[in-house]
Structure formats: C-alpha cells, structure tokens
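I opened this notebook to keep track of what I looked up in a structure that was new to me. The entries follow the order in which I went through it.

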Amino acid sequence: MAAELSAHHRRLAQQKREAITTAATELFLDRGYDGTSLAQIAEAAGVSKSTLFKRFPTKAALFEAIVTESWQRDAGDAVARPQTGDLRSGLTTVGHRYADLVGQPGMAALFRIVIAELPRFPELGRMQFQLGKLPYFTSVQQYLQSEHEAGNADVPDAASAANQFLGMIANYVLWPRMLLTDWNPAASDIHDAVEQAVQTMLARYTPTRQPGPKPQR
C-alpha cells in the first residue's frame, strides 16, 4: 500500500512539473522571458505559487529545467553512444535519434525563446548550449573518435565531423520550423534526410583500403 501511494505521489509530482514547464514555455513565447512572472506561470499551470517556488525558486532555474528536459524528452538513450564496429549502423542510430530529438515541437519553441531574448539575457543562450546541445554534440564526437581509433573510420577531426553530421539533419528537421510555422515533413521524408546524411558521412569518412602486395609471378 505504501509503495502504491509513493508511486501515486511521484506521478502527481511529475504531472505538476510537466504542467509548470509547459505553461512556462508557452508564456515565454507569448510574453517573453522578461515579461513573464513566476506567479503567472503558476496560475497558467494550475498550481499554487508555493508549489512552483518550491520546485523552481527563480525563472532561471525553471528555464534550466526546460532546456534539460527538452533535450532529454522522448529521446530515450539519445546521448548514449552506439557500439563501435559498424560505422553505417552507428551513424544511422545517431542520426535518427537526433532527428527525433530536434523534431519535437517543443525544441523549435525553445530555440525561438533563446533567440528572441538573447540580447537581454545571454545566460539563456549559455544554458541552451551547455546543458542541451553541448552534451549531445560531445557524445557524437566521442563516438566518431572511437570509430576512428578502432580503424573503422578515417575521421582526423571528430568535432568537425560531428558538426557536419548533426548540421545536415538539423538543417532539414529543425531550422525550417524557425521560419515556417507549417513546416511538418513526413516521417518518410525525415528518414530519407537522415539516410542521405549517413551516406554523405560514409563517402567522406570510410577508410580507404590500401591495396595489398601484388602476387609474385
């Protein structure tokens, strides 16, 4: 019985947290970060101010939670590196994870908030980069480096390669959403975009096999 109550309380707490972060994201977009108060967020989320302040004593703490959850939500083990040994398979896994991640509707909203408020609140950009993009980017860089060290890829600059790969995917899945509110490519089109990015990476970074010695006559 105690375990059931504990699980119930955890579900309620999670539901309140999601209501708060959802309401905050919508208000930040509508009124701006500076123009939104914690009291307004509590009212929009349907929670008491004390409940919100207990979880998020400042707007900065709340925005930090939004960034962290946006880069983790629906991504499963998105930051986990694939096993080394099959470059095509690894890139395909990474690519589809990233497309799912940046394609979620809340990601475009998060970028819009950061871009709009960046001149006045540069710390929002730092949070978005350091808590969101950088950990993911680093995991892909480390994966490519491991394939290079294992001899499965010729990637002398893993950071540049990771930037190229993720950029190809984001350029189709995420960035058009910033300007086109009706941008909603079909799942098959996103799949094709990822596969094209994988093919480009394979063409560039698959090791060139040196020819063996000619047989003696």
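Before counting anything I fixed one term: I take a contact to mean heavy atoms within 4.5 Å. With that settled, I found that residues 24 or more positions apart account for 72% of the contacts in the protein with a separation of 6 or more. I also noted at the start that this is a predicted model, and I read every entry below with that in mind.

**Overall make-up**

I looked up the secondary structure next, and the protein has ten helices and zero strands. Read along the sequence, the pattern is α-α-α-α-α-α-α-α-α-α. I then checked burial over the 217 residues of the protein, of which 41% count as buried.

**The annotated region**

I turned to the UniProt record, where an unreviewed entry places the feature "DNA-binding region" at residues 37–56. In the model, I found this span to be 75% helix and 0% strand, and the C-alpha atoms at its two ends lie 12 Å apart.

I wanted to see what follows that stretch, and I looked at Thr58, which lies in the loop between helix 3 (49–55) and helix 4 (59–70). Thr58 is partly exposed, with a relative accessible area of 38%. I noted that its C-alpha atom is separated by 9.5 Å from that of Ser37, although the two residues are 21 residues apart along the chain.

Lys59 lies in helix 4. Is Lys59 buried or exposed? I entered Lys59 as buried, because its relative accessibility is 18% and the cut-off for buried is under 20%. Leaving aside residues up to four places away in sequence, Lys59 touches Phe28, Tyr33, Asp34, Thr36 and Leu38. For one of these, Thr36, I also looked up the C-alpha to C-alpha separation from Lys59, which is 8.9 Å in space for 23 residues in sequence.

**Helix 4 with helix 6**

I then went through pairs of packed helices, and I recorded two things for each, since such a pair is described by the angle between the axes and the distance between them. The axes of helix 4 and helix 6 (residues 105–117) come within 10 Å and cross at roughly 140 degrees, and helix 4 and helix 6 are therefore oblique to each other. The crossing of helix 4 past helix 6 is left-handed. On the helix 4 side I listed Phe63, Ile66, Val67 and Ser70, which meet Met107, Leu110, Ile113 and Val114 in helix 6. Sorted by class, the residues of this contact are seven nonpolar, one polar and no charged.

Some of these names came up again when I looked at Gln128, which has its place in helix 7. Gln128 counts as buried at 5% relative accessibility. Not counting residues up to four places away in sequence, Gln128 touches Val67, Trp71, Leu110, Phe111, Val114 and Lys133.

**Helix 5 with helix 7**

For helix 5 (residues 87–103) and helix 7 (residues 122–149), I found axes that come within 11 Å and cross at roughly 170 degrees. Helix 5 and helix 7 are therefore roughly antiparallel to each other. Leu87, Gly90, Leu91, Val94, Arg97, Tyr98 and Leu101 in helix 5 meet Lys133, Tyr136, Val140, Tyr143, Leu144 and Glu147 in helix 7. By class, I noted nine nonpolar, one polar and three charged residues in this contact.

I picked Val94 in helix 5 for a separate look. Val94 is buried, with a relative accessible area of 5%. Apart from residues up to four places away in sequence, Val94 touches Pro82, Tyr136, Val140 and Phe165. Val94 and Phe165 are 71 residues apart in sequence, yet their C-alpha atoms are 9.5 Å apart in space.

**Helix 8 with helix 10**

My last pair was helix 8 (residues 158–173) and helix 10 (residues 187–205), which pack at an angle of about 160 degrees with their axes 10 Å apart. Helix 8 and helix 10 are therefore roughly antiparallel to each other, and helix 8 passes helix 10 in a right-handed crossing. Among the residues that make this contact I listed Phe165, Met168 and Tyr172 of helix 8, and Ile190, Val194 and Met201 of helix 10. By class, the contact of helix 8 with helix 10 has 13 nonpolar, two polar and one charged residues.

Key
Residues are numbered from 1 along each chain as its sequence is written. This is a predicted model: local features need pLDDT of at least 70, side-chain atom pairs count only at pLDDT 80 or more; totals for chains, interfaces and linings use all residues. Side-chain values use heavy atoms; hydrogens and water are left out. Axes are lines fitted to C-alpha atoms, for helices over the stretch in contact, and angles run from 0 to 180 degrees between N-to-C directions. Helices (H or I, at least four residues) and strands (E, at least two) are DSSP runs, numbered from the N terminus. Angles under 35 degrees count as roughly parallel, over 145 as roughly antiparallel, 65 to 115 as roughly perpendicular and the rest as oblique. Ala, Val, Leu, Ile, Met, Phe, Trp, Tyr, Cys and Pro count as nonpolar, Asp, Glu, Lys and Arg as charged, and the others, Gly among them, as polar. A crossing is left-handed if the near helix is turned anticlockwise from the far one by less than a right angle, and right-handed if clockwise. UniProt positions are given in the numbering used here, feature names are shortened, and annotations may be inferred rather than shown by experiment. Buried means under 20% relative accessible area, exposed over 50%, partly exposed in between (1.4 Å probe, protein chains only).
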